[in-house]
Amino acid sequence: MLITLMTDFGLDDVYVAVMKGVISGIAPGAAFVDLCHAVAPQDIRGAAFRLWMAVPYFPAHTVHLVVVDPGVGTSRRAIAARTSQGIFVGPDNGVFSYVWAESSPRQVVELENPRYHLPGMSTTFHGRDIFSPAAAHVAVGVDLGALGPEVTDPVGLPLPSLELTACQIAGEVLYVDRFGNAITSIGRLTWDRDTLLLEGAFGGCGRARFRASGVQVVAGRRQVYGIHGAYGEVSVGTALALVGSSGLLELAVSQGHGAQALDLQVGDPVMVVGDIEVEL
Amino acid sequence: MLITLMTDFGLDDVYVAVMKGVISGIAPGAAFVDLCHAVAPQDIRGAAFRLWMAVPYFPAHTVHLVVVDPGVGTSRRAIAARTSQGIFVGPDNGVFSYVWAESSPRQVVELENPRYHLPGMSTTFHGRDIFSPAAAHVAVGVDLGALGPEVTDPVGLPLPSLELTACQIAGEVLYVDRFGNAITSIGRLTWDRDTLLLEGAFGGCGRARFRASGVQVVAGRRQVYGIHGAYGEVSVGTALALVGSSGLLELAVSQGHGAQALDLQVGDPVMVVGDIEVEL
Amino acid sequence: MLITLMTDFGLDDVYVAVMKGVISGIAPGAAFVDLCHAVAPQDIRGAAFRLWMAVPYFPAHTVHLVVVDPGVGTSRRAIAARTSQGIFVGPDNGVFSYVWAESSPRQVVELENPRYHLPGMSTTFHGRDIFSPAAAHVAVGVDLGALGPEVTDPVGLPLPSLELTACQIAGEVLYVDRFGNAITSIGRLTWDRDTLLLEGAFGGCGRARFRASGVQVVAGRRQVYGIHGAYGEVSVGTALALVGSSGLLELAVSQGHGAQALDLQVGDPVMVVGDIEVEL
C-alpha cells in the first residue's frame, strides 16, 4: 500500500502528519512518499505540473493524494479516480487534469458516502476528514464505487499551450525548479541523432521534427542558439536550451539560475524558431 | 510499529536521520512519520501544542518521540509514558503536558537504565543516545518499567488560559500556522445549528453556550463580528473568526495572512464578548 | 530493505519523490529514510561530511543513495560499493571518501550495465535513471558485480586537515549546523576524567592527550579557554569549545549561534594550543 501525498501545507505545521495518522489508523502498514508539500498556497497549476512529472515513475497501484484546495468548505466536489497510472484522491478543481490528459480516468466518483468520512467533520480540513480516509480505504481495497456516485464531468484546467507552425513552435514556461531551470510546455522531445522529434505532451497530438543546431529559442527578451543535450556542453555561466529529464524544453544557465538570469516566470511565452518540419 | 518524531532540529542537518538509523537498528521495520522538525529552537510550548493537535489522529499504539530539549546535558530527566492515546518519549520539560491534560498518563518512567542507552553516550545529543533507543525498545515490546524507575511528578507547563464569565470568554493566541491562521485557546467549540457550545480544552471543565452571530471577537486592537463556519463565508481579504479544524477559535483573513493583518502573536489576549450563557 | 537518500535537490520539487517512485517499482516494500536534501547545490564536501556523521548509526545492510552530482552528463563514473558499514550508490566524485576513510570498500563497481538502468535515460537526471534503479536492485539482492565492471581507483576528496605537534593541534571548520555549532576536524575526542584523548578521525592515525582545562582554542580572531562537556557548563550567550556528539571539537555559543558570533565559516583554521602530549 503505497500512498503519495502532495499539499500546499508546508512542513512547519503538523497538518501533513495528521493526515498520515488518519491513514495509518485505517490502513495499518501504509507506506508514505511525500510528493511535495511546498506547493505555493492554492497554486493548483503548480500542483498539477508536479503530479504530471512524478506519477509515471510510480507503480500503477499507488494512491496519489493531493490536497491543494482553495475551495475547501464551498460546494466544490471531493473526488477519487482510477487511471492506468494510479489512483487519485483530492478536490475536483483540475489538479489532476495534466495527468489525466495523458491517461484518462476509467472511473471518477464523488466522495459523498459519510461512512468513509472521519466522524465530526470540519469545514476547513477536508484533507484530514474526507481525502485521507478515502485514500486509506481505497488502499485497503474498498471499491471506488462504494465511496460515492459517479462523476462524469470532472473540472479541467486549460492545458499548457503548444502551437506548431511551419516556422515556429510556441509554448510557455510551466515551472521553475529549485536549480532555476525554466521548464516549458514544448515537448516531449526525443533525440534522433542530432535531430529532435517533438510529440505534444499533455495529450496534444501534434508532431514536429527539426535539427537541434538549426533553431533559436526565444524566451522573454533573450534568445539562445540551438538545443543541447546536457548542461556540460556549454561553459559555466552560459545560458542554454536543453531537453530536460521529462522530455520538455528547458531554459537554464550552466551552474547558474536560468530563470533569474533570463528573467523568466511561469506563463511567459517561449518560442522555437527556425527550420521546423511539422507532421500532421 | 509506528513511530512519530518531532524535534527542533530542522532538516538541514542529518540529526533526524541519525535518530531513525538508531531506531531502525533496534526495531527493524519501524515505520516513521515526521510530526514536525520546524519547531523553533527550544520552543517547548510550540512543540506541546503541535503534539496536542496531532496525537488524537494517530493509532493508540503509536510511539511519539519528541526532542525539543533545551536542558540536554543538565539534570532534567528523560522520560517515557503511556496514556490511552499513545506512548510518549522525550525530555521531562512539560512538552507532553497539553496532551496529558486531556488524557493523563497511566505510567511515567525515567530513562535511567543504561542497558537501553546507546553505548558511548554524548552529553549533547540525547535524542540519539537515550530517546531513540528508548522509543525503539518500547516499539518492539520492552515494558516501560524496564527502562527505569517510576516518575510521579512529571514537569508541567502552565496550561493555555481560558476564563469564562457571564459576558465574556477570555483566552490567548496559542499558535500561528503557515497560512497565517491565529489559533486560540478558546475551545473546543461545536456547532449546534447557529449556536456554539464551548467545552474547555486542555482538560478545562468549563462550559458555555452562545449564538455565533451574537458575539464579537476582540483580538489585539481589532474586533470582528460573529463566528463563522468556513473561510468562504466572507469575501476575500476580510478578517473573520471561525471554528478551526481542532475545534479552537481561530482568527483568519480569507485568502490572506490573518496574524499579520491583525498584528497577532502567540500569547496575545483574545476575547469573545456578548450574550454568553455559562454552565457550571 | 532500508534505503537512505541524500541529494542537493531540496524539497520544493518532486525530484526526490520521483526517485522513491522508481525504487518502489523495483523494490516493493523498500523503506526510505531521508538523510538530507538540503545539501547546498553541488556541495560535495557538505554531503561527504553529513554522510560521515550519519552512516555509523544505520544497520550495515542499509543502502545509502547519494545524488550530489555536478558532473551529471559528463564522463564522471556512476558507482556502487560495499563496506562493512553499508552499501553506497552515487556519482564517483569523492562524496563517499570521508566515510570510506574509516571503512574502506571491499568492492566498487561502475554502473554500466544498461539492464539496470531505467529505459529512455536522460542526460540530466541520473538520480532517477541510473542511481535509483541501482540502489533498488541492490536492495532486492542483485549482486554488485552484476551492475558493471570493477573500479579500482574511485575519486577521493582531500581529507579534512588535522596536524599534531607537541604544542598544537591544527584543524579546520568542517560544517556549521542549524544551531550554529561550528564542527571542526579536530577529533575524535574521548573523555578520560578531565583529560581528553584525541584519535584522528577520517582515517588519520595520530593520537594526542591533553587536559581539557589546560588548553586554549583559537578560531578565527577569537580564542576560548578550555574544552567543555556540555553547553550548560557556561552561562547563556558565552562562547565555548566542546566535544560534539560525533566526537569532534565544536565551537558554540550557549543558546546562541556560535558560527555567527565567532565569524566562522567552513574551511577556517582552528587550533588547540597548550600542553599537548602527542603519541606516535
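Here are four short exercises on this predicted model, each with a worked solution.

Residues count from 1 along each chain as its sequence is written, and chains are lettered from A in the order in which they are written. Local features need pLDDT of at least 70, side-chain atom pairs count only at pLDDT 80 or more, totals for chains, interfaces and linings use all residues, and side-chain values use heavy atoms, with hydrogens and water left out.

**Exercise 1. Find out which strands pair with β1(B), and whether its faces are covered or not.**

Step 1: Start with burial, meaning under 20% relative accessible area (exposed is over 50%, partly exposed in between; 1.4 Å probe, protein chains only). Strand β1 of chain B spans residues 2-7, and 6 of its 6 residues are buried. Strands here are DSSP E runs of at least two residues, helices are H or I runs of at least four, and both are numbered from the N terminus.

Step 2: Split the strand by face. B:L2, B:T4 and B:M6 sit on one side, B:I3, B:L5 and B:T7 on the other, and all are buried.

Step 3: Look for partners; two strands pair if DSSP finds at least two bridges between them. β1(B) runs parallel to β2(B) (residues 31-36), joined by 5 bridges, and B:L5 stands opposite B:D34 there. To get from β1(B) to β2(B), the chain passes through helix α1 (residues 15-26) in a right-handed β-α-β crossover. Right-handed means that, with the strands pointing away from you, the path from the first strand over the helix to the second runs clockwise.

Step 4: Check for another partner. β3(B) (residues 63-67) also pairs with β1(B) in the parallel sense, over 5 bridges, and B:M6 has B:V66 as its bridge partner.

**Exercise 2. Work out what chain C puts into its interface with chain A.**

Step 1: Count contacts, meaning heavy atoms within 4.5 Å. That gives 27 residues of chain C against 28 of chain A.

Step 2: Get the buried area, which is the accessible area (1.4 Å probe) lost on putting the two parts together, summed over both. It comes to about 2,100 Å², with 62% from carbon and sulfur atoms. C:V14, C:Y15 and C:T124 supply 25% of what chain C buries here, more than any other three residues.

Step 3: Ask which element of chain C gives the most. That's helix α1 (residues 15-26), with 8 residues.

**Exercise 3. Decide whether C:V72 is buried or exposed, and list its contacts.**

Step 1: Place the residue: C:V72 is in the loop between β3 (63-67) and β4 (78-83) of chain C.

Step 2: C:V72 counts as buried because its relative accessibility is 12%.

Step 3: Skip neighbours within four places in sequence, and C:V72 contacts C:T123, C:T124, C:F125 and C:H126.

**Exercise 4. Compare the surroundings of two salt bridges, B:E102 with B:R188 and C:D34 with C:K20.**

Step 1: Apply the cut-off: a side-chain nitrogen of Lys or Arg within 4 Å of a carboxyl oxygen of Asp or Glu. The closest N and O atoms of B:E102 and B:R188 are 3.0 Å apart. B:E102 is in helix α3 (residues 97-102) and B:R188 in the loop between β9 (182-187) and β10 (189-192), 86 residues apart.

Step 2: Check exposure. B:E102 is partly exposed at 31%, and B:R188 is partly exposed at 31%.

Step 3: Turn to chain C. C:D34 and C:K20 also bring N and O to 3.0 Å. C:D34 lies in strand β2 (residues 31-36) and C:K20 in helix α1. C:D34 is partly exposed at 31%, whereas C:K20 is buried at 6%.
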